[in-house]
Amino acid sequence: MKKYECVNLTIDGDVATVQLNRPEKRNCLSPTLHRNMVDALKEVAAAKCKVLVVTGSGDSFSAGMDLEQCFLEPFDDPQRFIEINTPCFEWLTHLKDFPGVTVAKVNGWAFGGGFEIASICDIVIAAEESVWGLSEINFGIFPGGGATWSYAHNMTRKQALFYALTGATLTGKQAVDLGLATMAVPLKDLDAEVAKWVANLTQKGRAVLRKTKEVYEKSLGMTFQESIGWEMAKMWELSRETNDDWIRTALKSFAKREFKPGLQSYQLTKDV
Ligand code: COA
């Protein structure tokens, strides 16, 4: 595993953790951090991790783009401006398209790009005390770099436009009510809550996690009838990939009353 200047990457079996690491600057996203994230996410993809946890060090998740290094300083040199900011779009796209499950552990401030990172993850577990905001309007722009897409895909129109137009902050607890976070727990319980759900996810098969995400995303743009056809095709693909493990192992085990699928996962024999 490589060492990065602004990111701590750990890979432990099926679980990767990426910690944004510029605590003195509230983990805002500098050009170096963007380049580190491009490389770190490539490492995670190569390791075929089932779960990727994204979090921040210190008291912040992320204060968003580094307003000085990414915007102010390079602004008069358009070529440099583009060079600095393009890696950001690259790693955010990789995060959104990550085949495993992405879990944002929101431990503190989450503004602008930080708000976006959480919004594009699959599962968000936030500290109740965390503070979120689409603060772009407060310095005269609108949320860019995918941030508009990400808040629009998580919130209702009335809520989305309120927060984008006013720059009002919200807490981790409110983030749950607004559809931005899956759950919120007191900060002191955050590590344990994330560990619990990560353990749950790693019991599932790699292929079924990947396909569940893929089918969900595709179905959003389909009619009901189209979705049924797509699900059938993907179901047979999954069955082939896993050597029909769901029938051969899981449902045979259920027939012997060895486990209750309503309450627990079956014991995988093939994890592709
Ligand atoms: N870009 C550049 N520097 C940032 C930053 C950002 N997005 N967010 C924080 N910093 C820097 C501060 O300038 C300060 O630097 P200094 O120590 O050299 O003075 C340092 O990080 C600590 O920030 P500070 O404001 O003192 O911390 P705080 O805990 O009192 O407040 C925030 C935290 C997040 C509320 C505040 O820093 C802030 O409003 N940041 C900008 C958030 C934002 O609008 N992000 C959207 C970007 S798209």
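At which residue does H3 bend, and which proline follows within four residues? The bend, of about 25 degrees, is at Asn-85, and the proline is Pro-87. The model is predicted: local features need pLDDT of at least 70 and side-chain atom pairs count only at pLDDT 80 or more, whereas totals for chains, interfaces and linings use all residues. Residues are numbered from 1 along each chain as its sequence is written, and side-chain values use heavy atoms, with hydrogens and water left out.

**View 1. Helix H3 and its bend at Asn-85.** Helices (H or I, at least four residues) and strands (E, at least two) are DSSP runs numbered from the N terminus. The bend is the angle between axes fitted to the seven residues ending at a residue and the seven starting there. H3 comprises 20 residues (78-97), and its end C-alpha atoms lie 28 Å apart, in agreement with the 28 Å expected at 1.5 Å a residue; the expected span is 1.5 Å times one less than the number of residues.

**View 2. The buried residues of H3 and the elements they pack against.** Ile-84, Asn-85, Pro-87, Cys-88, Trp-91, Leu-92 and Leu-95 are buried (under 20% relative accessible area; exposed is over 50%, partly exposed in between; 1.4 Å probe, protein chains only). The buried residues of H3 pack against helices H1 (31-46), H2 (67-72) and H4 (113-120) and strands S3 (51-56) and S5 (101-106). Among the contacts (heavy atoms within 4.5 Å) of Leu-95 are Leu-41, Leu-52 and Ile-117.

**View 3. The largest nonpolar core.** A nonpolar core is a set of buried Ala, Val, Leu, Ile, Met, Phe, Trp, Tyr and Cys residues joined through side-chain atoms within 4.5 Å. This core has 48 residues, and Trp-91 and Leu-95 are among those with the most contacts inside it. H1 gives the most to this core, with 6 residues. Apart from it lies another core of 14 residues, including Val-53 and Met-183.

**View 4. The edge-to-face pair of Phe-75 and Phe-81.** Rings of Phe, Tyr and Trp (its six-membered ring) pair if their centres lie within 6.5 Å; planes under 30 degrees apart are stacked, over 60 edge-to-face and the rest tilted. The whole structure holds 5 aromatic pairs. In this one, the centres are 5.7 Å apart, with 90 degrees between the planes. Phe-75 counts as exposed because its relative accessibility is 57%, whereas Phe-81, at 23%, counts as partly exposed. Ring pairs link both residues with Phe-71 into a cluster.

Notes: Lists of a residue's contacts leave out its neighbours within four places in sequence.
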